[in-house]
Amino acid sequence: MTAAPLLKEPSQFGHPVEAEVVEPRRAYVTFDIGNQILAADVADVREILDHQVIAPLPNATAALLGMIDLRGEGIAVMDIAQSLGLSRQVDDRSGRIIVLDLQTDREAAIAIVVDRVRTVVEVDEAEVDPVPSVPGGWQAGAMFGLTRVEGELVYMIDLRAALGRSGSAALPGPFDFD
């Protein structure tokens, strides 16, 4: 994270005054899926749970792992790794369940499974690099940028887009329920 540059602005007395430019900062929760580090807006996260038994649902798609009971509320648990084209680790006991707060009045709560939750970081908008344009057919999908946290490359994702929720540019695929 870099220091913001200083600007010289005129004061009410006509003398230039140095003023620090404040870069917009946002908080992101970082987590692992396979060997990739991802970051999602912390405002989309309701809570993080230890792994627990997920009850499978009959006739569910492969992306819908099942349901959990969270203090009397049924929460659908999705495998976001499929939507992102990533492979999760096999040992679910060390994984976490991230309950999301993406819902409107009509939608039920939803959760995703991840291999590991790292930390919450604050990132300046200036530190987020644009998604690279790569020759060929690669699509960035839900990824809106890249940044570095403690020297490691972190993929910034929009959970609404990754899950195909309304109000976002939804990805086609297993999370597109419309």
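## Salt bridges between strands

Arg118 is partly exposed, with 31% relative accessible area. This is a predicted model, and Arg118 makes a handy way into its charged pairs. Its partner is Glu152: the two side chains form a salt bridge at 3.4 Å, N to O. That contact joins distant parts of the chain, with Glu152 in strand β12 (residues 152–157) and Arg118 in strand β10, 34 residues apart. Glu152 is partly exposed too, at 36% relative accessible area. The pair also belongs to a network of salt bridges that links Asp32, Arg116, Arg118 and Glu152.

The total for the model is twelve salt bridges. Here are three of them, with the distance between N and O atoms:

| Pair | N to O distance |
|---|---|
| Glu73 and Arg46 | 2.9 Å |
| Arg71 and Glu47 | 2.6 Å |
| Glu152 and Arg118 | 3.4 Å |

Take Glu73 and Arg46, whose closest N and O atoms are 2.9 Å apart. Glu73 sits in strand β7 (residues 73–78) and Arg46 in strand β5 (residues 45–50), so this pair ties together parts 27 residues apart in sequence. Glu73 comes out as partly exposed at 29%, and Arg46 is partly exposed at 32%.

Then there's Arg71 with Glu47, at 2.6 Å. Arg71 is in the loop between β6 (64–70) and β7, while Glu47 is in strand β5, 24 residues away in sequence. Arg71 is exposed, with a relative accessible area of 67%.

Away from the charges, have a look at Gly141, in the loop between β10 (116–124) and β11 (143–149). Gly141 is partly exposed at 40% relative accessibility. Its C-alpha is 7.8 Å from that of Leu84, though 57 residues separate the two in sequence.

Methods
Residues numbered from 1 in each chain as written. Predicted model: local features only at pLDDT ≥ 70, side-chain atom pairs only at ≥ 80, totals over all residues. Heavy atoms only, no water. Helix = DSSP H or I, 4+ residues; strand = E, 2+ residues; numbered from the N terminus. Buried < 20%, exposed > 50% of the residue type's maximum accessible area, 1.4 Å probe, protein only. Salt bridge = Lys/Arg side-chain N within 4 Å of Asp/Glu carboxyl O.
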